Amino acid sequence: MNRNNLSFWMTAAGTVCWVFCFWWMRRLSLKQNALLDQLRDQGQRIEKLSKIEHDLIKEVHPQVNEIKEGMDEMMAAVKENSKNPPAVPGKKRPWFARRDAH
């Protein structure tokens, strides 16, 4: 084999490899685009469901400020009751809680 003959076959092999690589990359690109389309559609469905779920939660649960105001009222009532515990008639205090024991 002379130098020209070797050069021809190396160029032909390079061209065949280039065509094969182009076909392979095109195939991967099409699969990747299909997958990205599926992910985009799935993301849109999830976003739509999340919006519906958020709207349902807003309808079912009271507003956060109303809950916070209710909690403030409850904390004030608990603090007030803990300062002055109600006396239960007919029930003696335990020895360690009697004021006259000290």
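Which residues make a nonpolar surface patch of about 660 Å²? In this predicted model, the patch is made by Met1, Leu6, Phe8, Trp9 and Met10. One of these residues, Trp9, is placed in helix α1, which covers residues 3-60. Phe8, another member of the patch, is partly exposed, with a relative accessible area of 49%.

The protein chain as a whole contains two helices and zero strands. Of its 102 residues, 0% are buried. The chain exposes about 10600 Å², and carbon and sulfur atoms supply 62% of that area.

Aromatic contacts were searched for over the whole structure, and five aromatic pairs were found. Among them is the pair of Phe8 and Trp9, which is edge-to-face, with 5.1 Å from centre to centre and 70° between the planes. Phe8 and Trp9 thus appear both in this ring pair and in the nonpolar patch. Trp23 and Trp24 form a pair with ring centres 6.0 Å apart; the planes meet at 55°, so this pair is tilted. The tilted class applies because planes under 30 degrees apart count as stacked and those over 60 as edge-to-face, with the rest counted as tilted. Both tryptophans of the pair are partly exposed: Trp23 has a relative accessible area of 47%, and Trp24 has a relative accessibility of 37%. Ring pairs also link Trp23 and Trp24 with Phe20 into a cluster.

Two salt bridges were counted. In one of them, Arg40 is joined to Asp37, and the closest N and O atoms are 2.7 Å apart. Both residues lie in helix α1, where they are three residues apart, about one turn of the helix. Arg40 is partly exposed, at a relative accessible area of 47%, and Asp37 is also partly exposed, at 39%.

The other salt bridge is formed by the side chains of Lys51 and Asp55, with an N to O distance of 3.8 Å. This distance qualifies because the cut-off for a salt bridge is 4 Å. Lys51 and Asp55 both belong to helix α1 and are four residues apart, again about one turn of the helix. Lys51 counts as exposed, with 54% relative accessibility, whereas Asp55 is partly exposed, with a relative accessible area of 35%. The two classes follow from the cut-off, because a residue counts as exposed over 50% relative accessible area.

The count of disulfides comes to zero. A disulfide is a covalent bond between the sulfur atoms of two cysteines. For Cys17, the closest cysteine sulfur is that of Cys21, at 6.4 Å, which is too far for a bond. Cys21 is likewise in no disulfide, the sulfur of Cys17 being the nearest cysteine sulfur to its own. The pair is therefore not counted, because the two sulfur atoms of a disulfide must lie within 2.5 Å. Both cysteines are partly exposed, Cys17 with a relative accessible area of 47% and Cys21 with a relative accessibility of 45%.

Terms used. Residues numbered from 1 in each chain as written. Predicted model: local features only at pLDDT ≥ 70, side-chain atom pairs only at ≥ 80, totals over all residues. Heavy atoms only, no water. Patch = residues over 30% accessible without salt bridge, like charges linked within 9 Å, V, L, I, M, F, W, Y side chains within 5 Å. Areas by Shrake-Rupley, 256 points an atom, 1.4 Å probe, with all protein chains shown as cover. Buried < 20%, exposed > 50% of the residue type's maximum accessible area, 1.4 Å probe, protein only. Phe/Tyr/Trp six-rings, centres within 6.5 Å; stacked < 30°, edge-to-face > 60°.
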